[in-house]
Amino acid sequence: MNKKLIVLIIVIILLVLVGGTFALMNSDKKNEKEEDTLNQADQNRQEVSTENTTNNEEIDKENNTNTSKENMGKVLVVYYSWSGNTRTVANFIHTAVGGDIIELEPKKAYTKNMNELSSIALKEKNENSRPELKTKINNIDEYDTIFLGYPNWWADMPMLMYTFLDEYDLSGKTIAPFITHGESGLSGTPGKIQKEEPNATVTEGLAVQHDNINNSETAVKQWLSKIGF
């Protein structure tokens, strides 16, 4: 056979092989590109799905919070504080639920001496007295939920709190009591409030011991959640 013909045939075979190799490489690159595109599209869909889920969770959380606040209606935090302990807890509650806040003041201020106050408080309790209040609330009918705070005096509320309950008709309202104390806890005061305001709904009370006052914000939030706020 002619040597030139043999060389030509070999060249043609090599060209066919090289061409096939390039075609295969281009096909692989095309497949890799398509796969990368599909992976990127899938990743984008996952990111959008995750973002939508997060947004929906945030919306649900916001809606639940709004619903809770709507269920409370208009809120008033009203309290008496002799030492400042009850005021601290009242402010934690007010920060959490919003609304208005009012501190009750007696017309005749109590002594700052603990021993003298103890004797006065016991005398008032034994006499079932009603110390006059300096504070007046003219729009209490506007409120739906009242957080009522006070210190524990002789295993009871200070008698001026009974003055408050006598002066204002809280029928149809929700009363959430909270108390600050040394060791005596609630001392049955939610039941006493219910007796004074039989047509109101009185929730479970919150008792905060004096030693825990400044760190009671978490306990306040847990209590609010427990009673539906």
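Helices and strands here are DSSP runs, at least four residues for a helix and at least two for a strand, numbered from the N terminus.

**Figure 1. Overview of the chain in a predicted model.** The chain holds six helices and six strands. From the N terminus on, their order is α-β-α-β-α-β-α-β-α-β-β-α. The chain has 229 residues, and 32% of them are buried. Among contacts with a separation of 6 or more, 78% join residues 24 or more positions apart. About 14,200 Å² of the chain is exposed, and carbon and sulfur atoms supply 50% of that area.

**Figure 2. Strand S1, residues 75–79, and its enclosure.** Five of the five residues of S1 are buried, so the strand is largely enclosed by the rest of the structure. Val-75, Val-77 and Tyr-79 point one way from S1. Leu-76 and Val-78 point the other way. Both sets are buried.

**Figure 3. The strands that pair with S1.** Strand S3 covers residues 145–151 and pairs with S1 in the parallel sense, over five bridges. In that pairing, Val-75 stands opposite Thr-145 of S3. Strand S2, residues 100–103, also pairs with S1 in the parallel sense, here over four bridges. Tyr-79 stands opposite Glu-103 in S2. Helix H2, residues 85–97, joins S1 and S2 in a right-handed β-α-β unit.

**Figure 4. Helix H2 and its buried side.** H2 has 13 residues. Its first and last C-alpha atoms are 19 Å apart, close to the 18 Å expected at 1.5 Å a residue. Buried in this helix are Thr-86, Val-89, Ala-90, Phe-92, Ile-93 and Val-97. They cover an arc of only 155 degrees around the axis, which puts them on the same side of H2. An α-helix has 3.6 residues a turn, so residues three or four places apart point the same way. Just after H2 comes Gly-98, with a positive phi of about 80 degrees.

**Figure 5. Helix H3, residues 114–126.** H3 has 13 residues and reaches 18 Å from its first C-alpha to its last. That is close to the expected 18 Å. Leu-117, Ala-121 and Glu-124 are its buried residues. Seen down the axis, they fall within an arc of 65 degrees, so they line one face of H3. They pack against helix H4, residues 159–167. On the other side of H3, Asn-115, Lys-123 and Asn-126 are exposed.

**Figure 6. Ala-176 in strand S4.** Ala-176 is buried, with a relative accessible area of 0%. Leaving aside neighbours within four places in sequence, its contacts are Ile-146, Phe-147, Leu-148, Thr-203, Trp-223 and Ile-227. The C-alpha atoms of Ala-176 and Thr-145 are separated by 7.6 Å, although the two lie 31 residues apart along the chain.

**Figure 7. Strand S6 beside strand S4.** S4 covers residues 174–181. Four bridges join S4 to S6, and the two strands run parallel. His-181 stands opposite Gln-209 in S6. Leu-206 and Val-208 form the covered face of S6. Ala-207 and Gln-209 form its uncovered face.

**Figure 8. Thr-203 in the loop between strands S5 and S6.** S5 spans 201–202 and S6 spans 206–209. Thr-203 is buried, with a relative accessible area of 12%, and buried means under 20%. Not counting residues up to four places away in sequence, Thr-203 touches Thr-174, Ile-175, Ala-176, Pro-177, Pro-190, Trp-223 and Ile-227.

**Figure 9. Helix H6, residues 217–226, and its two sides.** Val-220, Trp-223 and Leu-224 are the buried residues of H6. They cover an arc of only 100 degrees around the axis, which puts them on the same side of H6. Their cover includes H2, S3, S4 and S6. Thr-218, Gln-222, Ser-225 and Lys-226 are exposed on the other side of H6. Trp-223 also appears among the contacts of Ala-176 and of Thr-203. Gly-228 follows H6 and has a positive phi, near 95 degrees.

Terms used. Residues are numbered from 1 along each chain as its sequence is written. This is a predicted model: local features need pLDDT of at least 70, side-chain atom pairs count only at pLDDT 80 or more; totals for chains, interfaces and linings use all residues. Side-chain values use heavy atoms; hydrogens and water are left out. Buried means under 20% relative accessible area, exposed over 50%, partly exposed in between (1.4 Å probe, protein chains only). Contact means heavy atoms within 4.5 Å. Accessible areas come from the Shrake-Rupley method with a 1.4 Å probe; for residues, only the protein chains shown count as cover. Two strands pair if DSSP finds at least two bridges between them. A crossover is right-handed if, with the strands pointing away from the viewer, the path from the first strand over the helix to the second runs clockwise. The expected span of a helix is 1.5 Å times one less than its number of residues. The arc is that of the directions from the helix axis to the C-beta atoms.
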